[in-house]
Amino acid sequence: MPNNSVSVAKMAELLDLKCFTRNLDLKKRKVTVSDVNRPALQLAGYFEHFQKSRIQIMGNVEYTYIRQMADEDRRKRYEDFLQFDIPCIIFCRDLEPEQILLKLAEQYGVPVLGTGRPTSEFMAELIYALGEQLAPCITIHGVLVDVYGEGLMITGDSGIGKSEAALELIRRGHRLVTDDVVEIRKINDHMLVGTSPDVTRHFIELRGIGIIDVKALYGVECVKEKQAIDLVIKLEDWKKDADYDRLGLEEEYTEYLGTKVVCHSLPIRPGRNLAVICETAAVNHRQKKLGYNAAKELYRRVQENMTRQSEDE
């Protein structure tokens, strides 16, 4: 389901912003769109087509322009600007908002924040962070591990061995993103990013042992906060009469939030090393993305061999 809003307090925390209006509760101010606006035209008095729902970014251009005005004119422009229900104003480049703006901002309930980063750089970071926070999000039962840079999500029925496979992958040098619950966000039409709920981050549940803290046991190099989802491994009980793909000429897919992800069904039976198979699947998937498909290469060789035999006859 989509996230309808994110609080200004959350964005201030994520981007390490300082607050100039400490009397205002940032948690009550909500942002609903991922676009931002530089209000140069608004400070010049033009408000037609003004996107008041966007975060307003004050850079050096806006700052120097408004400071050149006479005090009364400047106050009037600030009042005209702040009467709109905008989420917040952010000053870049360590620019200090003047007291007249801060008083009016508190009067109208508009938070004023600041950062030392360059304006264009900060805007790009802010738009990306808003895109993540406001992206459509679902939760599924599974495990997400970074394997050689590929986001490998392991799904399957409860108790089938997802967490055990993840633990073995961690011991082999790969990084855990989340166990049991995967929060999937659709960042754009082609990318899904998985994260862990705050409550269960870095924890794995092992039946018969209990909860273990991966970060505490194996170190910070074995965990990761988020990861793009590139491949899904679906674990299922081995069925003797089932028809399993043995060549992989055609990719199979599963769909989350309208985005397709390559999916392999992996039958489980005693003696199969899940960690090694998952590693191989991740490397093979990367190889396909780079343009080499072993199954198609085998098919090509077989066809060439059949052609040669036919010519010899």
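Start by selecting β9 and β10: the two strands form a hairpin with 2 residues between them. Click on Tyr-148 in the turn and check its backbone, where phi is positive, at about 55°. Keep in mind as you go that this is a predicted model.

Now widen the view to the strands themselves. β9 covers residues 143-147, and β10 covers residues 150-156. They pair in the antiparallel sense, over 5 bridges. For a spot to zoom in on, pick Asp-146, which stands opposite Gly-151 in β10.

Stay on Asp-146 and bring up β11, residues 175-178. Which residue of β11 is the bridge partner of Asp-146? Select Arg-175: that's the one. β11 and β9 run antiparallel, with 3 bridges joining them.

Next, colour β9 by accessibility. The strand is mostly covered, with 5 of its 5 residues buried. Try splitting the selection by face: Val-143, Val-145 and Val-147 sit on one side, Leu-144 and Asp-146 on the other, and both faces are covered. So Asp-146, the residue you just used for both pairings, belongs to a buried set along with Leu-144.

Last stop: leave the strands and jump to helix α6, residues 119-134, where you'll find Glu-132. Is Glu-132 buried or exposed? Its relative accessible area is 13%, and because the cut-off for buried is under 20%, Glu-132 counts as buried. To see what's around Glu-132, hide its neighbours within four places in sequence and show its other contacts: Arg-185, Ile-187 and Lys-226.

Conventions. Residues are numbered from 1 along each chain as its sequence is written. This is a predicted model: local features need pLDDT of at least 70, side-chain atom pairs count only at pLDDT 80 or more; totals for chains, interfaces and linings use all residues. Side-chain values use heavy atoms; hydrogens and water are left out. Helices (H or I, at least four residues) and strands (E, at least two) are DSSP runs, numbered from the N terminus. Buried means under 20% relative accessible area, exposed over 50%, partly exposed in between (1.4 Å probe, protein chains only). Contact means heavy atoms within 4.5 Å. Two strands pair if DSSP finds at least two bridges between them.
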